[in-house]
Amino acid sequence: MYLYTDFDQQLINERVAQFRDQTERYLAGKLTEDEYRPLRLQNGLYVQRYAPMLRIAVPYGLMNTKQLRKVAELAKAYDRGYAHVSTRQNIQFNWPALEDVPDMLQELATVQMHAIQTSGNCIRNTTTDQYAGVVAGEIADPRPTCELIRQWSTFHPEFAFLPRKFKIAVSALEETDRAATSFHDIGVYIVRNAAGELGYKIKVGGGLGRTPIIGSVIKEFLPREDLIAYLEAVLRVYNLHGRRDNKYKARIKILVKALTPAVFAEKVEAEFAYTRESLKIQPEVLQKLDEEFTPFDYQNLVDEDFTELFAQHPKFKQWFNINTHAHKVTGYRIVTISLKRAGVAPGDVTTEEMNLIADLADQYTFGELRTTHEQNIALVDVPQKDLFALWQTLEQANLARAHIGFLTDIICCPGGDFCSLANAKSIPISEAISRRFDDLDTIYNLGKLDLNISGCMNACGHHHVGNIGILGVDKKGAEFYQITLGGNADHDASIGDILGPSFAAEAVPDVVEEILNTYLDLRQGEETFIDTYRRVGIQPFKERAYA
């Protein structure tokens, strides 16, 4: 795990002091709202429907237990006793008082955390697979690449005021993509060329929101030492040619589409000719980054035989099969803790739960944890011999629902309950669906299935890429919901198709149930929902939903 240098710490401390002064001047009436807005956004502070919202950066989803305990402490002292895990792997506070935010940032700085570049038109938090570095099959650990991008992009003077916000994701697995890399402004894919050399394939122009687009490949192989020079070239082309007259057409995806990927790539190559030598990464820098993420000192363990425990405890067997994942080291397992519980907004985690998870990470792992794109938390280095004890504790704390990757593991934005941009509430729809499908045998029968909910076209809930997507829309002042089918965020990426006219809130669970019944009637063998949908198309679902 990367740890701050003295320079890093000084930089963060000075930024906190600067923002404290700016906030005090604003509260004293010495800065106008228009003057203060870009300053607070540079420090992760939004003004939402009812209160400010502070978004804390969690670089590539990696935290240690000291940091999680600090978040828990702040949630209790300055918020309402909980925090929220976002789809960007960050953590949000939904109810801080504006005057308390500088104190919160000062506290976060003591554990090497900050809120810089979690908002505003800048390069945002780089994301990757939550199992990075521990899952089998990686071409290389993506975390050093993420850290390299983080160090390059933080406080980059040329890219602090881009035409619009800018997001980068890194993928290192050929068989799956848990970071939705194709839907980022830049998607960085770790690859090897025919000679076995490590490098990157680069996609640009992906994104969701009002105009969902799958990114286009503009570079099939980029040597590892040239990554920053190439990213710099991409950002320069975007900064020069991206629209600033219309925020709805300002994302890089619009520019790439307007120019065509081929022409955009030509412009990047021309700029790359200038950046390549001056920004080439030296071998010793790459080696140092790799050393920051060397494997832990794993014990010499063997894979456990749980036959007897499975027979005695069927719920443990379910949890093991569904909420744990194979680890690349024998005798270990990756555990995903579900933050999707009936009566709780997806991704919310209380002070008490955060402290418990930190205790478990210290007891059973190497003191690290991961926030996930799906708004859960993962403990990635659990010895198999400790899994039953860990499960028992999670079960008692209502944190062991065995449904990761299934229907009720819902991705959901805060929606109209919090966000001033939302057209409709998201959380009550998630709650209604979760309660309708509360039987685990039913959701297991449906197989793996992504259901994503957004409260508006900004698509913070990634509804476009849900196998089933739900979008809140405004219909003459009333909240309605549009359904999409067939979205997918994996390597075989697809954007969902609109089913038809929107539905009233109370009808949504019935419509989802009819869609799922249609799938069950039409699927062949062990087909997943997305497989069946791609085979039969939207028409059978449309006919049943609107019958």
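About 120 Å³ of space lies in the second largest cavity, one of seven cavities of 30 Å³ or more that the structure holds. Keep in mind as you browse that this is a predicted model. Beyond its enclosed spaces, the briefing takes in a pocket of about 850 Å³, the second largest, an open sheet of five strands, and two residues seen up close, threonine 372 and glutamate 479.

**Cavities**

- Around the second largest cavity there are 13 lining residues, and those nearest the centre are Ile116, Arg124, Asn125, Arg150 and Thr154.
- Sorted by class, this lining of the second largest cavity comprises seven polar, four nonpolar and two charged residues.
- The largest cavity has a volume of about 210 Å³.
- Its lining is made of 17 residues, with Met1, Tyr2, Pro59, Gln67 and Gln112 lying nearest the centre of the largest cavity.
- Strand S3 (62–64) and helix H5 are the elements that each give two or more residues to the lining of the largest cavity, and S3 gives the most, with three residues.
- In the lining of the largest cavity, eleven residues are nonpolar, four are polar and two are charged.

**The second largest pocket**

- This pocket, at about 850 Å³, is lined by 37 residues, and the closest to its centre are Arg178, Glu374, Gly405, Lys448 and Asp450.
- Four elements each supply at least two residues of the lining of the second largest pocket: helix H11 (314–323), strand S11 (324–326), strand S17 (451–454) and helix H17 (529–536).
- The largest share of that lining, three residues, comes from H11.
- Which classes make up the lining of the second largest pocket? There are 14 polar, 14 nonpolar and nine charged residues.

**The five-stranded sheet and its helices**

- The strands of the open sheet follow the order S6-S7-S8-S9-S10, with mixed pairing.
- Strand S6 (127–128) and strand S10 (216–223) are at the edges and have a single partner strand each, so one side of each is left without a neighbour in the sheet.
- Strands of a sheet pair through backbone hydrogen bonds, in either the parallel or the antiparallel sense.
- Strand S7 (residues 168–171) pairs with strand S8 (residues 186–192) in the parallel sense, over four bridges; here valine 170 has valine 188 in S8 as its bridge partner.
- Helix H5 (residues 143–153), which also contributes to the lining of the largest cavity, lies across S6, S7, S8 and strand S9 (198–204) and runs at about 160° to S7.
- Helix H6 (residues 227–241) lies across S8, S9 and S10, and runs at about 150° to S10.

**Threonine 372**

- You will find threonine 372 in the loop between strand S14 (368–371) and strand S15 (377–383).
- Is threonine 372 buried or exposed? Its relative accessibility is 0%, so threonine 372 counts as buried.
- Not counting residues up to four places away in sequence, threonine 372 touches Val85, Ser86, Gln89, Gln130, Ile377 and Ala378.

**Glutamate 479**

- Glutamate 479 sits in strand S19 (residues 478–485).
- With a relative accessible area of 31%, glutamate 479 is partly exposed, because that class covers values between 20% and 50%.
- Neighbours within four places in sequence aside, glutamate 479 is in contact with Asn423, Ala424, Lys425, Val473, Ala504 and Ala505.
- Arginine 341 is 138 residues from glutamate 479 along the chain, and 24 Å separate the C-alpha atoms of the two.

Note on methods
Residues are numbered from 1 along each chain as its sequence is written. This is a predicted model: local features need pLDDT of at least 70, side-chain atom pairs count only at pLDDT 80 or more; totals for chains, interfaces and linings use all residues. Side-chain values use heavy atoms; hydrogens and water are left out. Two strands pair if DSSP finds at least two bridges between them. Contact means heavy atoms within 4.5 Å. Axes are lines fitted to C-alpha atoms, for helices over the stretch in contact, and angles run from 0 to 180 degrees between N-to-C directions. On a 1 Å grid over the protein atoms alone, a cavity is a set of points where a 1.4 Å probe fits but cannot get out, and a pocket is an open set with protein on both sides within 12 Å along at least five of seven lines; lining residues have an atom within 4 Å of a point. Grid points are joined across faces, edges and corners, and a volume is the space filled by probe spheres set on the points. Ala, Val, Leu, Ile, Met, Phe, Trp, Tyr, Cys and Pro count as nonpolar, Asp, Glu, Lys and Arg as charged, and the others, Gly among them, as polar. Buried means under 20% relative accessible area, exposed over 50%, partly exposed in between (1.4 Å probe, protein chains only).
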